[in-house]
Amino acid sequence: MPIPAPAPAVLTTPLLRFLEETRTAFAPLDAGEVASYIPELGKADADHFGIAVATTDGHVYETGDTQIPFTIQSISKAVVFALALDLLGAEKVEATIGVEPSGEAFNSIRLRADNKPFNAMVNAGAIACCGLIADAAGDEAFELIRSTLGRFAGRALEVDDAVFQSERLTGDRNRAIAYLLRTYGGVRGDVDHVLDVYFRQCSLLVTARDLAVMGASFANHGVNPVTGETVVSNYAVARTLAVMSSSGMYDFAGEWIYRVGVPAKSGVGGGILAALPSQLGLGIFSPRLDVHGNSVRGIRTCEAISEAFDLHML
Ligand code: DON
């Protein structure tokens with residue numbers, strides 16, 4: 001009797017099984033809306049759902065739509081803040097941008113009483129951050145941002161030109177914020193150039209897997225654990241994770257750090273990046289957003305992973 005061929009080896013681990021079960025449990029959740037204030041974002045497939053975990057020793061576990069590209073949006077703000085700290089020095093960055101939670105929506109035009117943006121995770125602070133990088137790097141500013149985000153992810157990232165154009169054409173609120181900042185010296189020089197850099201950085205395409213590796217680069221104190229490359233300093237990582245803890249999820253930041261306990265940053269493309277120092281990065285993609293602009297399934301998934309593996313920092 002012929003010996004039956006062995007079944008193909010299925011590589012699985014308790015962590016991967018847990019991620020698959022979590023995805024199955026939350027996939028039916030259809031609360032929230034795909035962002036449409038940037039018209040091109042409204043074309044996203046609302047059902048996409050990917051979950052990835054990257055450990056600080058360079059292993060990646062992923063399930064679902066983890067290879068589907070989507071725009072990074074506000075998640076870029078965390079990396080760009082870290083870049084600004086290294087490029088310009090903490091003193092200059094901290095003189096221009098605060099580190100206080102705003103308790104307001106990400107696109108609020110309100111500044112602090114001293115006319116500084118509250119922090120680098122809200123649009124005003126992120127635009128000021130682009131302004132600082134544009135001051136220092138001139139025409140090279142966007143390429144510097146793109147290459148830094150790429151080094152965090154471990155691969156070269158491309159701009160989604162349709163999203164960039166869509167955001168540029170409808171970005172009057174960000175334009176208003178940038179001009180307001182310029183009246184106080186929070187942005188200097190050519191506002192159009194600064195906004196061009198900001199809109200392009202938000203339009204860079206990433207996957208959930210990329211977000212997990214980027215998170216792991218933060219978690220690994222600024223060294224990408226997959227490529228081995230040092231991407232930013234430990235000082236920049238620590239300060240960026242601190243601001244992510246207090247402000248990364250906008251006016252949900254308090255609830256988030258209370259319930260999930262892991263520094264994180266969301267984007268209106270449907271991504272969430274979370275980074276637990278010395279342990280792991282999480283990357284989630286699911287485009288339906290709640291009223292704060294955070295992914296609904298993304299939040300539930302991070303809560304579940306944090307609880308199951310006792311990841312709360314405190
Ligand atoms: O400036 C904007 O409105 C977008 N480029 C980014 C906003 C965003 O991702 C907020 N995150 N939840």
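**Entry 1: Asp45**

I started at Asp45, which sits in the loop between β1 (33–34) and β2. The model is predicted, so I kept the cut-offs in view: 12 or fewer C-beta neighbours within 10 Å make a residue exposed. Asp45 has 12 such neighbours inside 10 Å, so Asp45 counts as exposed. I then checked its distance to Val34, eleven residues away along the chain. The two C-alpha atoms are separated by 8.4 Å.

**Entry 2: confidence**

I looked up the scores next. The protein chain has a mean pLDDT of 96. I noted that 96% of its residues reach 70 or more. The ipTM is 0.98 and the pTM is 0.95.

**Entry 3: β2 and its partners**

From the Asp45 loop I moved on to β2, residues 50–55. Is this strand mostly covered or mostly open? It is mostly covered, with five of its six residues buried.

I looked at β3 (residues 60–64) as a partner and found five bridges to β2, with the two strands antiparallel. I logged two facing pairs. Ala54 of β2 is opposite Val60 in β3. Ala52 is opposite Glu62 in β3. The connection is a hairpin, with four residues between β2 and β3. Gly58 lies in that turn and has a positive phi of about 90°.

I then turned to β8 (residues 280–285). β2 pairs with β8 over six bridges, again in the antiparallel sense. Here I noted Gly50 opposite Phe285.

**Entry 4: the whole sheet**

In which order do the strands of this sheet run? I read β3-β2-β8-β7-β6, five strands in an open sheet with antiparallel pairing. The edges are β3 and β6 (264–266), each of which pairs on one side only. On average, neighbouring strands are turned by 10° against each other, direction ignored. I kept one general point beside this: in a regular strand, side chains alternate between the two faces of the sheet.

**Entry 5: helix α2**

I measured nothing by hand here and took the computed span. α2 covers residues 75–88, 14 in number. From first C-alpha to last it reaches 21 Å, close to the 20 Å expected at 1.5 Å a residue.

How many of its 14 residues are buried? Eleven are, and I recorded the helix as mostly covered. The buried set is Ile75, Ser76, Lys77, Ala78, Val79, Val80, Phe81, Ala82, Leu83, Ala84 and Leu85. I noted that Lys77 is in that set. Gly89 follows α2 and has a positive phi, near 95°.

**Entry 6: Pro117**

I went to the loop between α3 (90–96) and α4 (123–137), where Pro117 is placed. Why does Pro117 count as buried? It has 29 C-beta neighbours inside 10 Å, and 20 are enough for that label. I also checked Pro117 against Glu100, 17 residues apart in sequence. Their C-alpha atoms are 9.0 Å apart in space.

**Entry 7: around the ligand**

Last, I listed the residues around the ligand. They are Gln73, Ser74, Phe106, Asn107, Asn123, Glu167, Asn174, Cys202, Ser266, Gly267, Val268 and Gly293. Which class of residue makes up most of this shell? Polar: the shell has eight polar, three nonpolar and one charged residues. Ser266 is among the residues around the ligand, and β6 spans 264–266. Asn123 is also around the ligand, and α4 spans 123–137.

How values were computed. Residues are numbered from 1 along each chain as its sequence is written. This is a predicted model: local features need pLDDT of at least 70, side-chain atom pairs count only at pLDDT 80 or more; totals for chains, interfaces and linings use all residues. pLDDT is the predictor's confidence in each residue, from 0 to 100. A residue is near a molecule or strand if its C-beta atom, placed from the backbone, lies within 6 Å of it. Ala, Val, Leu, Ile, Met, Phe, Trp, Tyr, Cys and Pro count as nonpolar, Asp, Glu, Lys and Arg as charged, and the others, Gly among them, as polar. The expected span of a helix is 1.5 Å times one less than its number of residues. Two strands pair if DSSP finds at least two bridges between them. Axes are lines fitted to C-alpha atoms, for helices over the stretch in contact, and angles run from 0 to 180 degrees between N-to-C directions.
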